[in-house]
Amino acid sequence: MKINLTLLGGLSVDKFLREYWQKKPLLIRQAIPGFNGLLDPAQLAELACNPEAQSRLVQFKRNKWHLQHGPFDEQSLDSLGKSGWTLLVQGINHFLPGAADLLQQFSFIPHSRLDDLMVSYAPKNGGVGPHFDSYDVFLLQGMGHRRWQISAQQDRTLIPDAPLRILQNFSPEEDWILEPGDMLYLPPHWAHNGIAQDNCMTYSIGFRTPSYHELGEQFLVYLQDHLKLDGMYADPDLKPQAHPSEISADMLQQVKAVIQKIRWNDTDIARFLGTYMSEPKPHVYFDPPDNPMSHKRFIQSLDKSGIRLDLKSLMLCHDNCAFINGEAHDLDTPDIAAIRLLADTRQFPAHSQLSSTATDMLYAWYQEGFLVFPGKK
Ligand code: SIN
Ligand code: CO
């Protein structure tokens with residue numbers, strides 16, 4: 001995977017993954033030289049008023065932390081004071097093509113691990129307090145300057161009754177001021193505190209790690225949907241019971257034998273992972289085109305201009321199976337490379353050779369709003 005040379009401060013992806021990823025923080029000065037952000041505070045505030053975006057306002061006033069969830073109205077954001085607050089908006093990549101392009105620069109980490117791009121704005125002294133996340137995150141500085149203090153401390157005691165997770169005892173071990181284009185990588189559970197030094201915007205490229213519990217629970221949901229066990233409970237040899245309320249050993253053994261027949265293999269695990277990890281978050285909806293093209297016109301446009309994933313689409317692959325927004329699709333061998341290119345790069349070049357099965361599949365995805373033609377948001 002070729003990446004922008006400066007993004008990891010001259011480290012190769014191999015070296016970064018071996019020495020830092022999930023192990024220790026890395027400060028990269030001028031990871032993206034000239035980066036000054038993708039949107040301004042007014043545009044962020046506008047998104048925070050959009051019901052389709054997930055936004056939060058964190059305030060520290062009268063010696064207490066306060067948290068409000070969006071959508072906000074313009075007046076309440078306009079009336080915020082000159083300091084002591086931070087506005088955060090998740091999923092910026094669903095709204096700005098430039099944000100999706102920024103995330104593509106982080107494709108040296110698999111898409112299955114990517115969560116989203118969150119952007120925060122804070123006037124001088126604003127911040128969300130010392131805390132830790134269960135995510136890997138690249139904190140890229142946009143406009144302004146942010147002081148980052150970090151610590152490997154094991155004490156994770158939180159302030160009781162605070163509306164957000166704030167560490168009770170934060171003991172910073174390292175301290176830097178980040179300028180536009182600087183970036184700090186933090187592994188999960190690393191304590192950190194970011195304090196705006198001036199009007200400051202920070203871009204958090206977040207990577208999720210599902211808990212084993214979540215994976216196990218969701219796999220059982222998958223199994224439930226795909227389970228097929230023939231036959232039914234039978235007891236032609238039923239014996240008289242002294243206690244009719246007793247669940248007999250015979251019943252227990254018969255049910256145990258049936259339950260033990262439930263089996264799964266690598267294909268089930270891959271299908272579960274592909275559908276679950278590409279499932280859109282609950283607040284995400286797709287907008288099918290208002291006046292969809294006919295199949296014939298679609299094929300002509302596809303050939304002429306290529307197509308790309310909608311900003312909200314999530315696409316993953318395993319072997320000959322493609323997963324898009326929670327759906328699994330088996331691919332014919334000649335189409336695998338082309339469909340994988342769409343999943344890897346989020347776009348599909350013009351003049352690609354595709355079977356009619358593949359174009360039918362793309363047409364269905366286009367009708368669902370999963371794909372859009374270049375130039376469309
Ligand atoms: C922020 O951008 O203010 C907070 C980011 C973080 O600490 O995870
Ligand atoms: Co954090």
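**Group meeting talk: a cobalt site and its surroundings**

Hi everyone, let's start at the metal. The cobalt ion (ligand 2) has three protein donors, namely His-131 through NE2, Asp-133 through OD and His-192 through NE2, and they lie 2.0 to 2.1 Å from the ion. Please keep in mind that this is a predicted model.

If you follow the chain with a finger, the donors come in the spacing H-x1-D-x58-H. His-131 sits in the loop between strand S5 (114–122) and strand S6 (136–141), while His-192 is in strand S10 (residues 191–196), so this pair ties together parts that are 61 residues apart in sequence. Are these two histidines buried or exposed? His-131 has a relative accessible area of 11% and is buried. His-192 is buried too, with a relative accessible area of 3%.

While we are in that loop, have a look at Ser-134, which also lies between S5 and S6. Ser-134 is partly exposed, at a relative accessible area of 39%. Setting aside neighbours within four places in sequence, Ser-134 is in contact with Pro-188, His-189 and Thr-209. For a sense of scale, Ser-134 and Tyr-222 are 25 Å apart in space, C-alpha to C-alpha, and 88 residues apart in sequence.

Now let's zoom out to the whole chain. You can count ten helices and 17 strands. The C-alpha trace spans about 80 × 65 × 45 Å along its principal axes. Of the 377 residues, 42% count as buried. The chain exposes about 20800 Å², and carbon and sulfur atoms supply 53% of that area. Here is a number I like: among contacts with a separation of 6 or more, 78% come from residues 24 or more positions apart.

Next, salt bridges. Side chains of opposite charge can pair when their charged atoms come close. How many salt bridges does the structure hold? There are nine, and I'll show you a few.

One of them is a local one. Lys-15 pairs with Glu-19, with the closest N and O atoms 3.2 Å apart. Both residues lie in helix H1 (residues 13–19), four residues apart, which is about one turn of the helix. An α-helix has 3.6 residues a turn, so residues three or four places apart point the same way. Lys-15 is partly exposed at 32% relative accessible area, and Glu-19 counts as partly exposed at 29%.

Another one reaches across the sequence. Arg-29 forms a salt bridge with Asp-182, and their closest N and O atoms are 2.8 Å apart. This pair links distant parts of the chain: Arg-29 is in the loop between strand S1 (26–28) and helix H2 (41–48), Asp-182 is in the loop between S8 and S9, and 153 residues separate them. Which partner is buried, and which is partly exposed? Arg-29 counts as partly exposed at 43% relative accessibility, whereas Asp-182 counts as buried at 2%. Beyond residues up to four places away in sequence, Asp-182 touches several others, including Ile-28, Ala-31, Leu-139 and Ile-177.

My last pair is Asp-287 and Lys-312, a salt bridge whose closest N and O atoms are 3.8 Å apart. Here, too, distant parts are linked: Asp-287 is in the loop between helix H7 (266–277) and helix H8 (295–305), and Lys-312 is in the loop between S12 and S13, 25 residues away. Asp-287 counts as exposed at 55% relative accessibility, while Lys-312 counts as buried at 12%. Glu-52 joins in as well, since salt bridges that share partners connect Glu-52, Asp-287 and Lys-312 into one network.

Let's move to a helix, H9 (residues 336–345). Its buried residues are Ile-336, Ala-338, Ile-339, Leu-342 and Ala-343. What covers them? The cover includes strands S12 (307–309), S13 (315–318), S14 (321–324), S16 (347–348) and S17 (371–372), along with helix H10 (356–368). Just after H9 comes Arg-346, with a positive phi near 65°.

To finish, a look at the surface. Tyr-233, Ile-247, Met-251, Leu-252, Val-255 and Ile-259 make a nonpolar surface patch of about 540 Å². Within that group, Ile-247 sits in the loop between helix H5 (212–226) and helix H6 (249–259). Ile-247 is exposed, with a relative accessible area of 57%.

That's my tour. Thanks for listening!

Terms used:
Residues numbered from 1 in each chain as written. Chains lettered and ligands numbered in written order. Predicted model: local features only at pLDDT ≥ 70, side-chain atom pairs only at ≥ 80, totals over all residues. Heavy atoms only, no water. Donors = N, O, S within 2.8 Å, 3.2 Å for Na, K, Ca; no water. Helix = DSSP H or I, 4+ residues; strand = E, 2+ residues; numbered from the N terminus. Buried < 20%, exposed > 50% of the residue type's maximum accessible area, 1.4 Å probe, protein only. Patch = residues over 30% accessible without salt bridge, like charges linked within 9 Å, V, L, I, M, F, W, Y side chains within 5 Å. Areas by Shrake-Rupley, 256 points an atom, 1.4 Å probe, with all protein chains shown as cover. Salt bridge = Lys/Arg side-chain N within 4 Å of Asp/Glu carboxyl O. Contact = heavy atoms within 4.5 Å.
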